[in-house]
Amino acid sequence: MSEENKDNIATDHSGDSQQPSADEARQETLQEPQQASQPVPTEQDLESWSADSDGKTKSWYSIPNAAWALAVVALIVVGAAGFFAGSRSASFNGVSTVNMAGVAPGKGEIAPVPGPNGSFDASIYGPKAGAQLKSPEDMDNVHRRNENDPFALGAVDAPVVISIYSDFECPFCAKFANETESALVEKYVNEGLVRLEWNDMAINGEKAIKDAEAGRAAAAQGKFWEFSRALFKKAGEKGQGHPEFTEKELIAVAREAGVPDMKRFEKELKDGKWTEAVENATQFGSMLGISGTPGFLVGTQFVSGAQPLDVFEDNIELALIHAKRAEEAGK
């Protein structure tokens with residue numbers, strides 16, 4: 001496939017008054033998403049984040065106002081309307097529209113890899129270990145890419161990472177999890193093209209914090225994604241409002257998700273073992289400028305809200321093109 005065609009993507013214009021020819025449709029190129037203006041952080045916020053080698057400890061670096069303004073503008077991108085007209089089908093004239101850039105997939109394990117002693121570090125949060133965020137060029141460091149990360153799903157060397165900022169008490173987070181996430185896993189994660197990384201963004205009160213603690217208690221036993229899917233499914237069954245899970249419900253969902261040591265799960269939940277980690281993770285999301293859930297950093301582009309599958313596909317394909325260009329440049 002030529003470089004020109006790698007940057008092209010087929011788009012369904014069935015709603016247009018004048019239909020383009022097949023050749024014209026095939027030549028329609030990806031466009032960079034328009035950026036939305038967002039409040040610039042206060043003086044207190046004009047600092048940069050760095051993680052120590054263990055990925056847990058935070059430290060701060062002062063940076064100029066202009067740099068943070070650029071970082072916020074680079075991060076917050078209009079996701080509400082997407083950035084492509086129409087929708088894409090699975091193929092165009094027999095050519096798959098998945099990974100049109102032809103970037104090499106990752107070869108790592110899809111499921112989280114336990115540590116040397118078979119355990120999982122459920123206290124992990126924040127950016128890549130040892131990395132810092134001081135300019136828009138550092139935005140890719142938001143993604144942890146830690147093979148032992150129990151909140152990650154997908155090859156650690158996948159060309160694109162989607163960092164998810166979510167809240168179990170958020171009905172729109174449940175909408176994404178129940179309607180869109182599985183399709184992304186099937187089309188991109190299982191193919192080694194995308195890695196998902198969950199980040200607690202517990203902004204809907206004490207219930208949200210307790211839910212996130214339960215998620216970490218499940219993650220400590222390697223069952224975060226099973227727990228997450230089961231809890232969001234239950235949230236969907238409860239209706240469109242905040243589910244307001246009780247501790248009893250969280251325990252029942254953990255059992256349903258296959259958490260092996262339920263006594264340990266219940267003790268950690270009751271003792272507040274993961275409260276600090278949840279608060280730190282939420283603070284990190286706020287530092288990035290995220291104020292609502294769900295939020296997604298697809299590569300270095302931000303998508304806001306439970307958008308249709310097409311919006312995520314288009315952002316992923318654009319990120320894959322960027323990854324292909326970086327690959328060819330030898331980066």
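Okay, a disulfide here means a pair of cysteine sulfur atoms within 2.5 Å. Go by that rule and this structure, which is a predicted model, has zero disulfides. Two cysteines are worth a look anyway. Cysteine 170 has 4% relative accessibility, so it counts as buried, and cysteine 173, at 1%, is buried too.

Cys173 takes us to helix H4. Which residues of H4 are buried? They're Cys173, Ala174, Phe176 and Ala177. Look down the axis of H4 and those buried residues fall within an arc of 160 degrees, so they line one face of the helix. As background, an α-helix has 3.6 residues a turn, so residues three or four places apart point the same way. Over on the other side of H4, you've got Phe172 and Glu179 exposed. And what does the buried part of H4 pack against? That would be E6, H5, H7, strand E8, which is 295-298, and H11.

Let's take E6 from that list. This strand runs over residues 160-166, and serine 166 is in it. Serine 166 has 5% relative accessibility, so that one's buried as well. If you skip residues up to four places away in sequence, serine 166 touches Cys173, so we're back at our cysteine, by the definition of contact as heavy atoms within 4.5 Å. Its other contacts include Trp198, Asn199, Asp200, Phe232 and Thr293.

Next, helix H5, residues 181-189. Buried there are Glu181, Ala183, Leu184, Val185, Tyr188 and Val189. The cover over them includes strand E5, helix H4, strand E7 at 194-200, helix H7 at 224-238 and helix H11 at 309-328.

Now the cores. The largest nonpolar core has 57 residues, and Val194, Phe227 and Phe265 have the most contacts inside it. Apart from that one lies another core, of eleven residues, with Tyr165, Met201, Leu297 and Phe302 among them. Back to valine 194 for a second: leaving aside neighbours within four places in sequence, its contacts include Leu153, Ile162, Ile316, and also Tyr188 and Val189, two of the buried residues of H5.

Last thing, the largest pocket. Its volume is about 470 Å³. Which residues are closest to its centre? Of the 20 that line the pocket, those are Asp140, Pro159, His322, Ala323 and Ala326. The elements giving two or more residues to the lining are E6 and H11, and H11 gives the most, with seven. So, if you have the model open, H11 is one to click on: it's part of what covers H5, the buried residues of H4 pack against it, and it lines that pocket.

Terms used
Residues are numbered from 1 along each chain as its sequence is written. This is a predicted model: local features need pLDDT of at least 70, side-chain atom pairs count only at pLDDT 80 or more; totals for chains, interfaces and linings use all residues. Side-chain values use heavy atoms; hydrogens and water are left out. Buried means under 20% relative accessible area, exposed over 50%, partly exposed in between (1.4 Å probe, protein chains only). Helices (H or I, at least four residues) and strands (E, at least two) are DSSP runs, numbered from the N terminus. A nonpolar core is a set of buried Ala, Val, Leu, Ile, Met, Phe, Trp, Tyr and Cys residues joined through side-chain atoms within 4.5 Å. The arc is that of the directions from the helix axis to the C-beta atoms. On a 1 Å grid over the protein atoms alone, a cavity is a set of points where a 1.4 Å probe fits but cannot get out, and a pocket is an open set with protein on both sides within 12 Å along at least five of seven lines; lining residues have an atom within 4 Å of a point. Grid points are joined across faces, edges and corners, and a volume is the space filled by probe spheres set on the points.
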